[in-house]
Amino acid sequence: MKMPSIHLPAIPHLKKEKTNAKEQIPQTPKKHSKLFLGFLLILLLLLATTAAFFLRDYFTTIHVPPETRVNQGITNSVNAESYRFTLTSKLTVSGQEKLFSVIQGEKSKDNAYHIQGAILGTEVNMYQIGDTTYRQDPIDHKWTVIEKTNMEKESLLLSELNPIANFYFNEIGPITPLEKEKGNKAEKKLGMKYALTPELANHWLEAYFTDMTYEIWVSKKDPYYLEKAIITAASKSNKENRLTMEITFSDFNAPITITQPVLK
């Protein structure tokens with residue numbers, strides 16, 4: 001006996017659609033790749049140039065002999081036609097420190113000076129133009145004119161008016177490089193630091209003080225100039241009494257104009 005045949009309905013043929021891998025994965029355009037590579041090369045060149053500049057500056061700075069930097073720095077500063085400064089001086093007497101002066105001043109190319117501040121707590125405003133001195137009274141603010149002033153006889157006044165006179169040396173003497181104080185941001189901005197024990201040509205300082213020591217900061221880049229100095233000295237009459245002067249300098253050979261005050 002034959003089994004009846006069973007006819008199944010025809011199942012339509014499923015066709016697999018081919019996918020194009022290139023269409024599914026977006027490709028970075030070649031133009032963008034070239035632009036990126038070009039930008040990267042330019043960036044690397046800039047970084048290399050910057051690094052070379054700083055390395056050159058660094059090696060130039062550290063390879064200048066201390067004697068060269070200090071000698072040129074002092075010579076350039078002493079011979080500068082103009083500059084500005086701040087000066088703070090203190091006296092230590094019988095173990096007590098007293099503020100002697102706080103001065104701001106400037107010197108012009110025509111050899112005129114102007115200082116303003118306080119000396120022993122008294123306000124000071126003074127001009128020295130040629131051999132004429134102009135002093136303002138701290139109370140009534142009137143001006144006193146003193147003609148034919150002999151600055152060499154007023155050495156203390158000269159030191160306040162022209163603190164660069166503290167760097168008139170017969171010999172600079174031994175030069176010792178010093179490390180800057182760690183964490184001192186103000187000092188970090190200054191130039192190279194040195195200690196000196198010079199032979200002075202300033203007769204006023206030699207007459208009253210001994211054991212002079214100098215700490216100086218000289219600019220990093222040529223031409224070298226003094227940026228700061230701390231000068232300490234002991235009194236010849238009593239070595240326990242000491243003088244300390246802290247001086248900062250700026251604007252060497254700048255166009256500074258000083259004119260006499262308007263007299264009332």
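## Strand 13 and its first neighbour

In this predicted model, Phe85 stands opposite Phe249, a residue of strand 13. This facing pair belongs to a wider arrangement, since strand 1, which covers residues 83-93, pairs with strand 13 in the antiparallel sense over 9 bridges.

Strand 13 itself spans residues 242-250, and its side chains alternate between two faces. Leu243, Met245, Ile247 and Phe249 point to one face and are buried, whereas Arg242, Thr244, Glu246, Thr248 and Ser250 point to the other face and are not buried.

## Strands 12 and 11

Strand 12 (residues 226-235) also runs antiparallel to strand 13, and 7 bridges join the two. Here Ala233 stands opposite Leu243 of strand 13, and a hairpin of 6 residues leads from strand 12 to strand 13.

Strand 12 has another partner in strand 11 (residues 209-218), with which it pairs in the antiparallel sense over 8 bridges. Trp217 stands opposite Lys228, a residue of strand 12.

## The whole sheet

These strands take their places in an open sheet of 11 strands, whose order is 6-5-4-3-2-1-13-12-11-9-8 and whose pairing is antiparallel. Strand 6 (143-146) and strand 8 (175-178) stand at the edges, and because each has a single partner strand, one side of each is left without a neighbour in the sheet. From one strand to the next, the twist averages 20°.

## A helix across the strands

Helix 3, formed by residues 66-78, lies across strand 8, strand 9 (192-196), strand 11 and strand 12. Relative to strand 9, helix 3 runs at about 85°.

How values were computed
Residues numbered from 1 in each chain as written. Predicted model: local features only at pLDDT ≥ 70, side-chain atom pairs only at ≥ 80, totals over all residues. Heavy atoms only, no water. Buried < 20%, exposed > 50% of the residue type's maximum accessible area, 1.4 Å probe, protein only. Helix = DSSP H or I, 4+ residues; strand = E, 2+ residues; numbered from the N terminus. Pairing = 2+ DSSP bridges. Axes fitted to C-alpha atoms, helices over the stretch in contact; angles between N-to-C directions. Contact = heavy atoms within 4.5 Å.
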